[in-house]
Amino acid sequence: MAEAVYILCALTAVACAVLLLRAWKRTQSRLLLWSGLCFAGLAVSNVLLFVDLVLLPTSIDLYLVRILATMSSAIILLYGLVWDAS
Amino acid sequence: MLLKSMLNGATAMAWLACALFFLRFWKQSRDRLFGFFSLTFVLLAGNAVAAALLDLDDERRHYIYVVRLFAFLLILYAIWDKNRAGRHGTG
């Protein structure tokens, strides 16, 4: 059950990133670029989640790396919203 | 542990700020896409708060990721909804 949720989280995050970045290419809207980059970061974080909790043994803990990836995604979007939103 | 809680807190704050920006866009443009985005980032903020409060070994932990999955599905629905509205508008 948990493994399926982790895989689905990663897949949906990748799908969001791809759709947003494709929309950005079409419309050149900067907001879509920042959102797309944010979801690309979230996709990385979710892939790491699966690698950490399912693939790697419990002795290796990627929690800090994962949360830093998530926080970077949020900060990238916030940066875009502060500088490009008008 | 303190560092992890602090990072989770900072992440929650950043998501909430993003949610507020999108809430403003939604109020200005009445575009549903922004409303969905705002809701998603509120969910992600709640997610980060829950992650900070739960123990690392808590067996309920994977429910946090169910909420996260729901948030991502909401974004996918929002994009699909937006595309459909766009096609409807032009065609």
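The legends below describe close-up views of a predicted model with chains A and B.

In this predicted model, local features need pLDDT of at least 70 and side-chain atom pairs count only at pLDDT 80 or more, while totals for chains, interfaces and linings use all residues. Residues are numbered from 1 along each chain as its sequence is written, chains are lettered from A in the order in which they are written, and side-chain values use heavy atoms, with hydrogens and water left out.

**View 1. Helix α1 of chain A and the residue that follows.** Helix α1(A), spanning residues 2-27 (helices are DSSP runs of H or I, at least four residues, numbered from the N terminus), reaches 37 Å from its first C-alpha to its last, close to the 38 Å expected at 1.5 Å a residue, where the expected span is 1.5 Å times one less than the number of residues. Its buried residues (under 20% relative accessible area, 1.4 Å probe, protein chains only; exposed is over 50% and partly exposed in between) include Val5(A), Tyr6(A), Cys9(A), Cys16(A) and Leu20(A). Just after the helix, Gln28(A) takes a positive phi of about 60°.

**View 2. The interface of chain B and chain A.** The contact (heavy atoms within 4.5 Å) takes 31 residues from chain B and 36 residues from chain A. Together the chains bury about 2,900 Å², 84% of it on carbon and sulfur atoms, buried area being the accessible area (1.4 Å probe) that two parts lose on being put together, summed over both. The interface holds 1 salt bridge (a side-chain nitrogen of Lys or Arg within 4 Å of a carboxyl oxygen of Asp or Glu) by the rule applied, and Asp61(A) forms a salt bridge with Lys4(B), with the closest N and O atoms 3.4 Å apart. On the side of chain B that touches chain A, α1(B) gives the most, with 13 residues.

**View 3. A salt bridge between helices of chain A.** Asp52(A) pairs with Arg66(A) in a salt bridge whose closest N and O atoms are 3.1 Å apart. The pair links helix α2 (residues 30-55), which holds Asp52(A), to helix α3 (residues 63-84), which holds Arg66(A), and both residues are buried.

**View 4. Salt bridges at helix α3 of chain B.** Asp31(B), in the loop between α1 and α2, and Lys82(B), in helix α3, lie 51 residues apart, and their side chains meet in a salt bridge at 2.7 Å, N to O. Lys82(B) counts as partly exposed because its relative accessibility is 36%. Arg32(B), Asp81(B) and Arg84(B) are linked in a network of salt bridges; Asp81(B) counts as buried, at 5% relative accessibility.

Note on methods. Helices (H or I, at least four residues) and strands (E, at least two) are DSSP runs, numbered from the N terminus.
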